[in-house]
Amino acid sequence: MSSRIPAITLHNGGKMPMVGLGTYKSRDDEIRQALNVALECGYRHIDTATVYENEVEIGDVLHEWLSSGRIAREELFVVTKLPMTGNRYKDVGRFLQDSLDKLRLSYVDLYLIHSPVGMKEHSKGEFDLDTNHEEIYKAMEEQVDAGKAKAIGLSNFNSKQIEKILKVCRIKPANLQVEVHVYHQQKDLRELCRGFDISICAYCPLGAPYMAKGSDECPILLQHPLVTSMAKRLGRTPAQVLLRFLIQNNMPVIPRSTNQKRLKENFKVFDFELCAEDMASLEALDRKGAGRIVDFKSLFEGIENHPEWPFNIPF
Ligand SMILES: NC(=O)c1ccc[n+]([C@@H]2O[C@H](COP(=O)([O-])OP(=O)(O)OC[C@H]3O[C@@H](n4cnc5c(N)ncnc54)[C@H](OP(=O)(O)O)[C@@H]3O)[C@@H](O)[C@H]2O)c1
């Protein structure tokens, strides 16, 4: 099955399928059901994180599929992330092992530092102002050495933070997971990563409709007239058009859904293509920095004062 899903090849040779299942906010029975449907549809790339608090449920479902022989471990591409509360050299191994235990796996295909910002553990939101990326990254590399992560990477890091890691790393980041959608196309960051052979995975590929604040000037992305009219003309849905745009820009996407119909819809994006003209008109909707939805300020009060908050430079 996996060989039939288009994928990008990471610099370690790993194949990251172009469509993965996003799982933020998907919990309990909802994620169990969604993951079963997704695996039946053909999804093989799963994106989770310690902070999503769903690794146990994901692990249970994967175990059922793996132990019954319905799927082989090599077909899956499982991604999880080091939480902000684990952003210290000494904590990385313990957090990854905890994720592996919950996921019931001996390795993940990709382990990401979820955020460049560190938080103290058990502190109810107190920031750790001593976050040291070089040290954390060294511990990430040790996870590859130990066979617990096939590849390692970053999430929400800006250009300067990436360049700093590249100066000291022994094992290059294989992937950067950042917010990318039609309103926030991240062209400069993509260009930088291309130069270093760091692939990009697009989070919030549908423009996070549950979070975005639509306005007359800037409607919710899924409802933008250009997107809806293009979808209608092509006999597709707005979500399929938005995902296809990113895929044709060579970025794996991880749309989240727990709805059976939408899970299927989001995976059915390999049987059509956007023409150059449609690609150009979607490209013109880029709002650059103004199109960013996730800056973590509403989730973590005062995060913009952390020395490593990434969004205080253009990219
Ligand atoms: N690294 C990070 O810091 C970070 C940050 C944010 C997200 N992520 C990852 O990226 C994933 C995706 O981002 P996201 O969940 O924030 O946003 P998203 O995928 O852009 O949007 C998800 C929302 O869109 C709805 N939806 C899904 N498919 C749809 C369709 N075909 N038509 C209409 N609505 C649809 C979903 O509702 P239904 O469930 O009702 O379909 C859900 O409310 C996350 O789940 C997570 O795995 C990572």
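Helices and strands here are DSSP runs, counted from the N terminus, with at least four residues for a helix and at least two for a strand. On that basis, Lys25 falls in the loop between strand S3 (20-22) and H1. The model is a predicted one.

**Overall build**

The protein has ten helices and nine strands. Its radius of gyration is 19 Å, and the globule rule gives 20 Å for 315 residues, so the protein is as compact as a globular protein of that length. Along the principal axes, the C-alpha atoms fill a box of roughly 55 × 50 × 35 Å. Of the 315 residues, 45% are buried. Contacts reach far along the chain. Taking those between residues at least 6 apart in sequence, 72% join residues at least 24 apart.

**Two loop residues and one helix residue**

Two residues that are not glycines have a positive phi: Lys25 and Glu53. The loop that holds Glu53 runs between strand S4 (45-47) and helix H2 (55-67). The table sets out their angles and surroundings.

| Residue | Phi | Other C-beta atoms within 10 Å |
|---|---|---|
| Lys25 | about 70° | 13 |
| Glu53 | about 55° | 15 |

A residue is partly exposed when its count falls between the two cut-offs, 12 or fewer for exposed and 20 or more for buried. Lys25 has 13 such atoms, so it is partly exposed. Glu53 has 15 and is therefore partly exposed.

Gln33 belongs to helix H1 (residues 28-41). Gln33 has 16 C-beta neighbours inside 10 Å, so it counts as partly exposed. Glu57 is 24 residues from Gln33 along the chain, and their C-alpha atoms are 9.7 Å apart.

**Nonpolar cores**

In soluble globular proteins, nonpolar side chains tend to be buried together. The largest nonpolar core in this model has 74 residues. Tyr111, Leu242 and Val253 touch the most other members. Helix H8 (residues 238-248) supplies the largest share of this core, with seven residues. A second core stands separate from it and has six residues, among them Met84, Val117, Ile303 and Trp309.

Which residues does Leu242 contact, leaving aside its neighbours within four places in sequence? They are His181, Val182, Pro205, Leu206, Leu221 and Val227.

**A covered strand**

Strand S8 (residues 175-179) is mostly covered, and five of its five residues are buried. S8 pairs with strand S7 (residues 152-155) in the parallel sense, over three bridges. In this pairing Ser155 stands opposite Gln177 of S8.

**The ligand shell**

There are 29 residues around the ligand. Gly22, Tyr24, Leu206, Ala239 and Arg256 come nearest. Leu206 is also one of the contacts of Leu242. By class, the shell holds 13 nonpolar, twelve polar and four charged residues. Which helix gives the most to the shell around the ligand? Helix H9 (residues 260-267) does, with three residues.

Conventions. Residues numbered from 1 in each chain as written. Predicted model: local features only at pLDDT ≥ 70, side-chain atom pairs only at ≥ 80, totals over all residues. Rg over C-alpha atoms; globule rule 2.2 N^0.38 Å. Contact = placed C-beta atoms within 7 Å. Near = placed C-beta within 6 Å. Nonpolar A, V, L, I, M, F, W, Y, C, P; charged D, E, K, R; others polar. Core = buried A, V, L, I, M, F, W, Y, C linked by C-beta atoms within 7 Å. Pairing = 2+ DSSP bridges.
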